[in-house]
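How is the chain in this report built, and what surrounds its ligand? The account below takes up the fold, the ligand site and the spaces within the protein in turn.

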Amino acid sequence: MKTAIITGGNKGLGLAQSARFLAAGYRVHVVARSDGDIAKLGDQVRLHQVDIAEDKNADYLSTVHAETGAIDVLVNNAGMHLKKPVWDVDAEEFARVIDLNVRAMFAACGRYVDLQKEQGGAIVNISSMGGLMALPSAAAYVTAKTAVVGLTRSVAVDAARFGIRCNAVCPGFIDTDMTRAVLEKDPARRDKIEARIPSGTFGLPEDVANAVFYLASDQAAYVNGVALPVDGGYAVGF
Ligand SMILES: NC(=O)c1ccc[n+]([C@@H]2O[C@H](COP(=O)([O-])OP(=O)(O)OC[C@H]3O[C@@H](n4cnc5c(N)ncnc54)[C@H](O)[C@@H]3O)[C@@H](O)[C@H]2O)c1
């Protein structure tokens with residue numbers, strides 16, 4: 001049985017990713033700070049309660065590797081948004097966004113490659129369309145998600161010799177509980193966003209999960225270092 005680790009795999013987009021890997025017969029290990037919605041996944045999932053921003057060397061990966069003998073797939077999904085323009089972001093806030101979205105992912109990629117050198121494997125990093133283009137009032141987030149794309153390419157180039165691939169997914173506007181809650185109060189804003197999306201609607205968490213699963217699978221055996229938008233065409237223009 002193959003093993004996948006999904007950070008933040010108990011909520012939002014990560015929950016759909018956990019469900020996708022479970023459906024394909026993977027043993028899924030979720031790394032998150034709390035239970036979240038993990039009960040929705042049944043009893044097949046292992047939860048590791050870890051604050052990945054605090055676990056500076058991504059030791060949680062060594063814990064799982066010692067237990068399972070191999071980690072076939074690592075999905076670095078956990079992340080945070082900050083909705084502020086550059087002049088309103090203080091140094092501490094900027095450091096928090098970079099620490100979780102970039103530094104923790106950097107540490108996880110390094111630890112993963114080190115552990116899987118003999119076995120190969122696949123990493124999928126969750127960036128954002130903010131990794132491909134500027135978004136309004138999101139300077140720290142866009143900076144972080146753009147760095148995720150650079151990290152992904154660098155890991156792809158360095159780890160290919162070990163049979164390890166590294167790709168990124170860049171989700172656009174996705175219908176999650178959070179976006180629904182915000183936009184239900186402001187339907188006009190939702191209409192405006194949808195008018196700008198070439199496909200005409202928000203995506204679903206399952207759309208992102210399918211892309212993550214594809215990049216992690218052998219179907220993508222010759223795909224390495226890409227940043228794949230899952231955004232209904234938003235980032236390429238209208
Ligand atoms: N929701 C969207 O529309 C959207 C769009 C583009 C990109 N993304 C990216 O997708 C990823 C998931 O987004 P989401 O909206 O599902 O997020 P969410 O806030 O619903 O869930 C985040 C998950 O990450 C975990 N997490 C956060 N900080 C952590 C920490 N320090 N240690 C351990 N776990 C931690 C949380 O426990 C939670 O499970 C993020 O990287 C986000 O930037 C989301």
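What follows is a description of a predicted model, beginning with the chain and ending with its cavity and pocket.

**The chain**

The chain contains seven helices and seven strands, and, read from the N terminus, these elements follow the order β-α-β-β-α-β-α-β-α-β-α-α-α-β. Its radius of gyration is 17 Å, close to the 18 Å that the globule rule gives for 238 residues, so the chain is as compact as a globular protein of that length. The C-alpha trace spans about 50 × 35 × 35 Å along its principal axes.

**The ligand site**

The ligand is surrounded by 24 residues, of which N10, L13, D51, N77 and Y141 are the closest. Sorted by class, this shell holds eleven nonpolar, nine polar and four charged residues. Three contacts between polar atoms of the protein and the ligand are set out in the table, where both backbone and side-chain atoms appear.

| Residue | Protein atom | Ligand atom | Distance |
|---|---|---|---|
| G8 | backbone N or O | oxygen | 3.5 Å |
| N10 | polar side-chain atom | oxygen | 2.5 Å |
| I52 | polar backbone atom | nitrogen | 2.9 Å |

On its own the ligand has 830 Å² of accessible area, and the protein covers 89% of this. Two elements, α1 (12–23) and α4 (139–159), are the ones that give two or more residues to the shell around the ligand.

**The cavity**

By the rule applied here, the count of cavities of 30 Å³ or more comes to one, and the largest cavity has a volume of about 50 Å³. Its lining is made up of T7, I52, Y60, N76, N77, A78, L100, N101, A104 and M105. Two of these names have already been met at the ligand, since N77 is listed among the closest residues of the shell and a polar backbone atom of I52 lies 2.9 Å from a nitrogen atom of the ligand. Helix α3 (residues 91–116) supplies the largest share of the lining of this cavity, namely four residues. By class, the lining of the largest cavity consists of six nonpolar and four polar residues, with no charged residues.

**The second largest pocket**

The second largest pocket encloses about 220 Å³ of space. It is lined by 16 residues, and those closest to its centre are D72, G121, A122, A216 and D218. The lining of this pocket divides into six nonpolar, six polar and four charged residues, whereas the lining of the largest cavity has no charged residues.

Note on methods. Residues numbered from 1 in each chain as written. Predicted model: local features only at pLDDT ≥ 70, side-chain atom pairs only at ≥ 80, totals over all residues. Heavy atoms only, no water. Near = heavy atom within 4 Å. Polar contact = N/O pair within 3.5 Å; in protein donor to acceptor, adjacent residues only side chain to side chain. Areas by Shrake-Rupley, 256 points an atom, 1.4 Å probe, with all protein chains shown as cover. Nonpolar A, V, L, I, M, F, W, Y, C, P; charged D, E, K, R; others polar. 1 Å grid on protein atoms, 1.4 Å probe; cavity = no way out; pocket = protein on both sides within 12 Å on 5 of 7 lines; lining within 4 Å. Points joined across faces, edges and corners; volume = space filled by probe spheres on them. Rg over C-alpha atoms; globule rule 2.2 N^0.38 Å.
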